[in-house]
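Let's take a walk through this protein together, starting from one residue and working outward. Keep the structure open beside you as you read.

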Amino acid sequence: MMNRVSRSCFCSAAAAPTALSPWLFVGLGNPGEKFKGTRHNVGFEMIDAFSESVGISMNIPLCKALFGEGFVGDAPVLLAKPQTYMNLSGESAGPLAAYYKLPLNRVIVFHDDLELPCGVLRLQEKGGHGCHKGLKSVINHFRRNREFARLRIGIGRPPGQMDPKAFLLQKFNATARERIDAALPEGVVALRCILHEGLAGAARWFNQEQKYKYMRSETMSA
């Protein structure tokens, strides 16, 4: 299995990848049954949904992650769920990108986002960590380089004066669960589009679609 997707020659984050360069998709979360279904684990849920949709098993231990590799059409794909716990996610993502000598413009990190309404997704080509400790760890292990993409998965803000840390580690209520379950296949479609059309074009289309989705939901709830 490890020979199916070959390691490419080293290139910088700004280098233009070839058509055969693999994509590395990294879903952030916490391992173990205790955290399954919690808001902080939607990155895991998204990568599980993608791996199931394309038939790539994630059962290889590599670089402190559950790892899988394969092809979606002609596009080589690497999938990873760091098992380091959220705040140390970079200890897995950094070595994985280095092992395959990937430019960071071929890396996409999936993570929960408090600033987006629950079930709303965004593709972002680069950026900071926004106080997300998992993202902060990834950036640190990418030598503080922020030039990698993110699939942001909205989980909404905590109600009232609730501690955000407690909110992140809670499971979704029924309404929020429905929204996340509806969002996961939308994310899978966007990721497939990236593999065949590229990130920039997919992000323009997908983010516009998500904007309309959010506007419709706001109108219905008004």
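A good place to begin is S137, which is buried because its relative accessible area is 7%, below the 20% cut-off for a buried residue. Please keep in mind as we go that this is a predicted model. S137 sits in helix α3, which covers residues 133–141. If you set aside the neighbours within four places in sequence, the residues in contact with S137 are N87, L88, S89, G90 and E91.

That list leads us on to helix α2, residues 90–99, which packs against α3 at an angle of about 35 degrees, the two axes lying 8 Å apart. The crossing of α2 past α3 is right-handed. On the α2 side, the contact is made by G90, E91, A93 and G94, and on the α3 side S137 is joined by V138 and H141. Sorted by class, the residues of this contact comprise 2 nonpolar, 4 polar and 1 charged.

Let's step back for a moment to see the whole chain. The protein has 6 helices and 7 strands, and from the N terminus their order is β-α-β-β-β-α-β-β-α-β-α-α-α. Of its 222 residues, 50% are buried. Contacts also reach across the sequence: among those between residues at least 6 apart, 73% join residues at least 24 apart.

Now to the strands, beginning with β1, residues 23–27. How many of the residues of β1 are buried? The count is 5 of the 5, so β1 is largely enclosed by the rest of the structure. In a regular strand, side chains alternate between the two faces of the sheet. You can follow this along β1: W23, F25 and G27 point one way, while L24 and V26 point the other way, and all are buried.

Which strands does β1 pair with? One partner is β4, residues 75–82, which pairs with β1 in the parallel sense over 4 bridges. Here V26 stands opposite A80 of β4. Another partner is β5, and this pairing is also parallel, with 4 bridges. Across it, V26 has V109 as its bridge partner, and F25 stands opposite I108. V26 therefore gives you a handy marker, being placed opposite A80 in β4 and bridged to V109 in β5.

From β5, residues 107–113, we can carry on to another strand. All of β5 is buried, 7 of the 7 residues, so this strand too is largely enclosed by the rest of the structure. β5 pairs in the parallel sense with β7, residues 149–154, over 6 bridges. I108, which we met opposite F25, has A149 as its bridge partner in β7.

Our last stop is a second pair of helices. Two packed helices are described by the angle between their axes and the distance between the axes. For α1, residues 42–54, and α5, residues 174–197, that angle is about 55 degrees and the axes are 9 Å apart. The two helices are therefore oblique to each other, and their crossing is right-handed. From α1 come V42, E45, M46, A49, F50, S53 and V54, and they meet R177, I180, A183, L184, G187, V188, L191, R192 and L195 of α5. By class, this contact of α1 with α5 has 11 nonpolar, 2 polar and 3 charged residues.

Technical notes. Residues are numbered from 1 along each chain as its sequence is written. This is a predicted model: local features need pLDDT of at least 70, side-chain atom pairs count only at pLDDT 80 or more; totals for chains, interfaces and linings use all residues. Side-chain values use heavy atoms; hydrogens and water are left out. Axes are lines fitted to C-alpha atoms, for helices over the stretch in contact, and angles run from 0 to 180 degrees between N-to-C directions. Angles under 35 degrees count as roughly parallel, over 145 as roughly antiparallel, 65 to 115 as roughly perpendicular and the rest as oblique. A crossing is left-handed if the near helix is turned anticlockwise from the far one by less than a right angle, and right-handed if clockwise. Contact means heavy atoms within 4.5 Å. Ala, Val, Leu, Ile, Met, Phe, Trp, Tyr, Cys and Pro count as nonpolar, Asp, Glu, Lys and Arg as charged, and the others, Gly among them, as polar. Buried means under 20% relative accessible area, exposed over 50%, partly exposed in between (1.4 Å probe, protein chains only). Two strands pair if DSSP finds at least two bridges between them.
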